There are 2 protein chains.
Amino acid sequence: MPVGTTIAVTQEELDKVRYDDHGLAAAIVQEHGTGDVLMLGYVNADTLRQTLETGRMTFWSRSRQEVWVKGETSGDRMYLREVHIDCDGDALLFKVEQEGRGACHTGDHSCFHTPFGAPSES
Amino acid sequence: MPVGTTIAVTQEELDKVRYDDHGLAAAIVQEHGTGDVLMLGYVNADTLRQTLETGRMTFWSRSRQEVWVKGETSGDRMYLREVHIDCDGDALLFKVEQEGRGACHTGDHSCFHTPFGAPSES
């Protein structure tokens, strides 16, 4: 079973996060090791703190308007490994170890499992 | 010099994209080959179509409120390789070949070059 990694942050680092009008920042989740992009979610200040303190990805669900501890019902948890912030502070990149079947509610490894269009050399 | 890959999409695929109140969908850009996440931007229906037709990443700049052909001034262009859509249609994953110095206006390879906090095994 994966072990959670907690992340110690300074107030200065927390102050770098720029939340939108809804108090949210974008949270890209990437699988540690494979580099697969698993999903895009959103965090508010509280769920970001909870994620860092517990080592478990915890989002703010925009559709349900509630705290969403990823995998709490499905068992497909995401264990934090490291975090990066982007140059303008409105997006965070979380590298995680994915437990169980995968990130997607469909059972797929990544929420981005559907190809969009067909590439053709121009 | 990289060659652009155009992406042929059906109307059915285009209809899967769910835009927010501002008419935008999230656009994660990942480097083809390395798997590095380079940046998070946003596309509207027009810049998505332009991206697919030209094979060059083209965003809607939220800060400048204008079409943003990535690398048009810096020369650090992003050439499209493939696209995926996520399970609820509000985010797209673009795999690209990055030209020049990198994705970030700072000259860094990725906009996510700044570590956020310090991991510690719990």
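Which residue of chain A comes closest to the rotation axis? Let's find out in the first of these close-up views, all taken from a predicted model.

**View 1. Two copies around an axis.** Among the residues of chain A, A:Gly35 comes closest to the rotation axis, with its C-alpha at 2.7 Å. To lay chain A over chain B, you turn it by 180 degrees with 0.0 Å of shift along the axis, and the RMSD of that superposition is 0.0 Å. The two copies are therefore related as by a two-fold rotation axis.

**View 2. Where the chains meet.** Here we look at the contact between the copies, to which chain A brings 41 residues and chain B brings 41 residues. On the side of chain A that touches chain B, the elements giving two or more residues are β1 (5-8), β2 (25-31), β3 (37-43), β6 (78-85), β7 (91-98), β8 and β9 (118-121) of chain A. The most comes from β6(A), which gives five residues to this side. Sorted by kind, the residues of chain A that touch chain B are 23 nonpolar, 13 polar and five charged. Because 100% of the interface residues of chain A are also interface residues in chain B, the copies meet through the same surface.

**View 3. A sheet with strands from both chains.** Try following this open sheet from one side to the other: its five strands run in the order β8(A)-β6(B)-β7(B)-β2(B)-β3(B), and the pairing is mixed. At the edges are β8 (114-115) of chain A and β3 (37-43) of chain B, each of which pairs on one side only. It helps to remember that strands of a sheet pair through backbone hydrogen bonds, either parallel or antiparallel.

**View 4. Two pairings in that sheet, up close.** Start where the chains join: β8(A) and β6(B) pair in the antiparallel sense over two bridges. In this pairing you can find A:Thr114 opposite B:Ile85 of β6(B). Now move to chain B alone, where strand β2 (residues 25-31) and strand β7 (residues 91-98) pair in the parallel sense over six bridges. Look for B:Glu31, which stands opposite B:Val96 in β7(B).

**View 5. An arginine in a loop.** B:Arg77 is found in the loop between β5 (66-69) and β6 (78-85) of chain B. Is B:Arg77 buried or exposed? It has 20 C-beta neighbours inside 10 Å, so B:Arg77 counts as buried. If we leave aside its neighbours within four places in sequence, B:Arg77 is in contact with B:Arg56, B:Lys70, B:Gly71, B:Glu99 and B:Gly100. Another arginine, B:Arg18, is 59 residues apart from B:Arg77 in sequence and 26 Å apart in space, C-alpha to C-alpha.

**View 6. A glutamine with a positive phi, in each chain.** Most residues other than glycine have a negative phi. With that in mind, look at A:Gln65: it is not a glycine, and yet its phi is positive, at about 55 degrees. A:Gln65 sits in the loop between β4 (58-61) and β5 (66-69) of chain A. Only 9 C-beta neighbours lie inside 10 Å of A:Gln65, so this residue counts as exposed. Turning to chain B, B:Gln65 also has a positive phi of about 55 degrees without being a glycine. Its place is in the loop between β4 (58-61) and β5 of chain B. B:Gln65 counts as exposed because it has 9 C-beta neighbours inside 10 Å.

Technical notes: Residues are numbered from 1 along each chain as its sequence is written. Chains are lettered from A and ligands numbered from 1 in the order in which they are written. This is a predicted model: local features need pLDDT of at least 70, side-chain atom pairs count only at pLDDT 80 or more; totals for chains, interfaces and linings use all residues. Helices (H or I, at least four residues) and strands (E, at least two) are DSSP runs, numbered from the N terminus. A residue is buried if 20 or more other C-beta atoms lie within 10 Å of its own, exposed if 12 or fewer, and partly exposed in between; C-beta atoms are placed from the backbone. Two residues are in contact if their C-beta atoms, placed from the backbone, lie within 7 Å. Two strands pair if DSSP finds at least two bridges between them. Copies are superposed by least squares on the C-alpha atoms of residues with pLDDT of at least 70 in both. Ala, Val, Leu, Ile, Met, Phe, Trp, Tyr, Cys and Pro count as nonpolar, Asp, Glu, Lys and Arg as charged, and the others, Gly among them, as polar.
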